[in-house]
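Please open the structure in a viewer and keep the sequence at hand. The tour below proceeds by selection, with a note on what each one shows.

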Amino acid sequence: MRVPLSWLREYVDLPATETGRDVQAKLIAAGLEVETVEQLGDGLKGPLVVGRVLTIEELTEFKKPIRFCTVDVGTANGTGEPQEIVCGARNFAVGDKVVVVLPGAELPGGFAISARKTYGRNSHGMICSSDELGMGDDGSKGIVVLPPEYEVGTDAIKLLELVDEVLDIAVTPDRGYCLSLRGIAREMATAYGLPLRDPALLDVPGPNAFGHPVQVSDPLGCDRFTARTVTGLDPDVHSPIWLKRRLQKAGMRPISLAVDITNYVMLELGQPLHAYDRARVQGAIGVRRAEAGEKLTTLDGTVRTLDAEDLVITDDRGPIGLAGVMGGANTEVDETDGTTTEVVIEAAHFDPIAIARAARRHKLASEASKRFERGVDPLAGAAAAQRTVDLLVLLAGGTADSGVTEVIAPSAPHTITIPADHPDKVAGMEYGRETVVRRLQEVGCDVYGQDELIVTVPSWRPDLTDPNDLAEEVIRLEGYENLPSTLPKPPAGLGLTERQRLHRRVGRALAGAGYVEAPNYPFIGEHVFDQLGLAADDRKRRVVKLVNPLSDEEPALRTTLLPGLLGALRRNDGRGSHDLALFETGLVFHPQDELSVAARLPVDRRPTDEELASLTTALPVQPRHAAVVLAGAREQAGWWGKGRPADWADAIEAARLLAGEAGTELIVRKGQYGPWHPGRCAELAVVVHGEERVIGYAGELHPGVLKTLGLPARTCAMEVNLDALETASAGVPKGPKISTFPVATQDVALVVDAFVPHTEVEAALREGAGELLEAIRLFDVYENAEQLGDGRKSLAYALRFRAGDRTLTVDEASAARDAAIALAGERTGAVLRS
């Protein structure tokens with residue numbers, strides 16, 4: 001919202017010494033976002049006067065059209081002689097009144113004017129365009145041609161109001177009343193403690209039966225509609241300079257007198273208006289919901305197909321306007337053909353939600369829709385219509401019709417009960433009842449009561465709905481800068497939960513293992529499940545969709561961490577980082593089996609356990625997962641060795657690392673799932689309450705997935721459910737007991753069938769060896785058909801035995817080894833390799 005300071009001064013008697021910067025500071029302190037203060041005419045110096053074109057000589061010997069003009073500027077040049085000026089513009093003629101800048105003057109931007117010879121002639125000054133004067137868009141794109149009534153030699157700086165300060169205010173959605181001079185002036189008057197001359201305080205005649213007929217079929221969509229008629233308009237009259245300049249300063253382009261007046265009143269009072277050519281309106285004006293498929297040609301010339309939820313303005317032919325957004329072309333006030341002499345003024349109040357949805361549905365944001373969707377004062381319609389009628393009568397020579405139409409749906413003012421000390425409790429400082437009442441009255445509220453205040457909210461503040469809204473008004477007007485800086489005093493807590501400790505340990509462990517954390521947005525598109533090769537009935541395909549997503553391409557919440565991590569890996573690989581190891585821990589989201597609507601929690605007390613439980617049941621299931629992705633080299637080559645690439649074993653080792661942090665045993669076995677290679681995929685499981693539970697997968701990704709996603713060859717990944725891992729956890733891992741007695745190492749090589757997993761052999765050895773076994777490590781895998789036979793392999797293990805209270809004998813270590821071999825042979829068919 002652009003607000004000229006000179007316009008504001010009409011409603012508040014600011015001290016003459018107050019500058020735009022001073023006003024900016026006051027309004028910012030009151031909670032408004034004043035982004036800039038534009039200094040119009042900065043650096044402009046006269047003489048800049050009105051001149052009359054006497055002669056025009058066309059200079060044809062140049063590549064582009066050039067005109068040599070003589071202009072009467074009166075005595076402004078000190079001689080009274082015509083001023084000779086060379087000009088290239090062609091939108092003016094002999095006898096036109098123009099703006100002339102004389103030698104010695106300076107235009108905005110430091111452009112000094114002097115006499116000079118150009119195109120073979122002497123030019124003493126310039127005939128100015130609106131751009132050169134910094135006036136903004138006036139629609140002419142050329143020389144400023146003034147109305148003929150202005151005298152030659154008149155100071156054009158004052159006439160065109162070229163020097164001013166304009167405040168550019170970013171109005172937040174809850175402060176819709178500030179999209180008007182009336183609203184900003186109210187805030188300024190409060191900030192300075194000065195009286196406000198409310199431009200909406202007008203004598204408005206009451207409704208009668210003689211006005212233009214109006215039929216409102218949807219009172220919920222339109223609860224107020226005022227119609228006024230003005231006849232006898234002079235179609236040849238154009239908007240005066242002061243009106244055009246105020247619109248230009250406010251960022252609007254002058255169009256025609258009737259339209260300019262409606263825009264002017266909208267800026268002044270915040271009430272959008274629309275003017276219909278009365279001769280083009282057939283029958284009564286109506287307000288209703290559109291019928292699906294109806295057509296409307298709006299003022300921008302676009303034919304729009306209407307939706308059944310659109311609120312439309314109609315006459316006997318059908319829709320003539322999209323309510324609160326844009327009027328229709330078939331009832332447009334057209335001053336170009338000079339036929340509009342009677343207009344019907346519409347000042348209505350529409351449902352904000354209906355207008356906001358219509359504007360977005362048709363991608364047709366307008367100044368009117370921007371105000372309606374933020375909330376317009378429903379009581380300002382009659383005053384805005386009267387103000388428009390007065391200006392049309394004054395400027396266009398019209399006559400106000402005696403008929404006044406008002407359609408009003410009954411409604412009661414909104415009241416709020418608030419304890420007088422509630423703002424004190426919110427702010428943490430004492431204001432007192434008198435201050436609270438005074439500030440609320442400055443906002444426009446009616447306040448009654450002593451300890452309990454009954455506050456009637458003004459019609460222009462629909463954002464005030466709760467006691468906390470009123471407390472905020474008191475606090476901001478008293479000054480946020482006056483709030484004391486106090487530190488909160490929370491009660492002593494119990495520290496981090498076990499779940500939180502596990503998440504931190506997992507993050508530290510993965511970072512220590514060389515992984516880099518890469519957090520991602522939790523949004524995905526459902527097409528990613530096809531890219532990952534998930535089955536059609538996979539549970540991960542059931543997603544929670546957002547009503548208002550940040551991106552239409554990613555409207556759902558993730559059910560797996562892999563899409564985000566793989567995307568990060570692809571981007572880094574494409575930027576030259578080929579050796580990558582990334583990890584992420586975060587929530588995934590699964591919809592509840594039974595959907596429910598969350599209750600609105602109170603803000604004046606702590607929610608009850610039942611209210612919190614109902615809120616939880618309405619939320620999706622949100623387990624925390626951990627995932628890693630690897631590509632390129634896992635160990636770099638150098639003088640120390642050849643290095644090696646990352647492979648499926650590294651992904652599995654990352655899962656073992658997490659299980660170790662959780663203090664639980666991880667079951668690793670062959671698996672097959674979605675994006676993983678069917679021959680290089682491990683299924684990860686834990687034992688929970690005596691039953692195995694699959695918590696994730698690890699291994700090398702499928703080549704088809706890599707090709708679809710554009711990932712490096714042999715990319716590996718792992719993802720586990722951390723919450724399930726915690727459920728199987730034995731608690732915080734305890735540090736090992738260090739024995740002072742020596743270790744006894746026994747190596748054993750077992751021959752098994754090639755399809756027997758190493759993990760089954762290791763589990764049997766571990767169980768058979770008993771308590772004396774300290775550690776077991778697979779250090780060799782050997783396959784040779786000539787020595788072992790077809791379909792056989794040799795697994796070599798190093799067994800470490802140790803006792804905590806004595807040195808083991810050779811016989812004790814050997815007995816434990818033999819027991820381990822025996823159980824492995826019984827369970828897996830392993831035989832000792834000779």
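**An enclosed space and a small sheet**

The largest cavity of this predicted model holds about 130 Å³ of space. To find this cavity, select Y177, S180, L269, G270 and W460, which are the closest to its centre among the 14 residues that line it. Next, colour helix α4, residues 181–192; this helix gives three residues to the lining of the largest cavity, the most of any contributor. What classes of residue make up the lining of the largest cavity? Five are nonpolar, five are polar and four are charged. The model has three cavities of 30 Å³ or more in total.

Now turn to the open sheet, whose three strands follow the order β25-β27-β26 with antiparallel pairing. Select β25 (415–419) and β26 (446–448): both are edge strands with a single partner strand each, so one side of each has no neighbour in the sheet. From one strand to the next, the twist averages 25°.

Add strand β27, residues 452–456, which runs antiparallel to β25 and is joined to β25 by five bridges. For one position along this pair, display T415 and find T456 of β27 opposite.

Two helices remain to be selected. Helix α11, residues 433–443, packs on the sheet and touches β26 and β27; the direction of α11 makes about 5° with that of β27. Finally, show helix α12, residues 467–478, which lies across β25 and β27 and runs at about 70° to β25.

Note on methods: Residues numbered from 1 in each chain as written. Predicted model: local features only at pLDDT ≥ 70, side-chain atom pairs only at ≥ 80, totals over all residues. Heavy atoms only, no water. Pairing = 2+ DSSP bridges. Helix = DSSP H or I, 4+ residues; strand = E, 2+ residues; numbered from the N terminus. Axes fitted to C-alpha atoms, helices over the stretch in contact; angles between N-to-C directions. Contact = heavy atoms within 4.5 Å. 1 Å grid on protein atoms, 1.4 Å probe; cavity = no way out; pocket = protein on both sides within 12 Å on 5 of 7 lines; lining within 4 Å. Points joined across faces, edges and corners; volume = space filled by probe spheres on them. Nonpolar A, V, L, I, M, F, W, Y, C, P; charged D, E, K, R; others polar.
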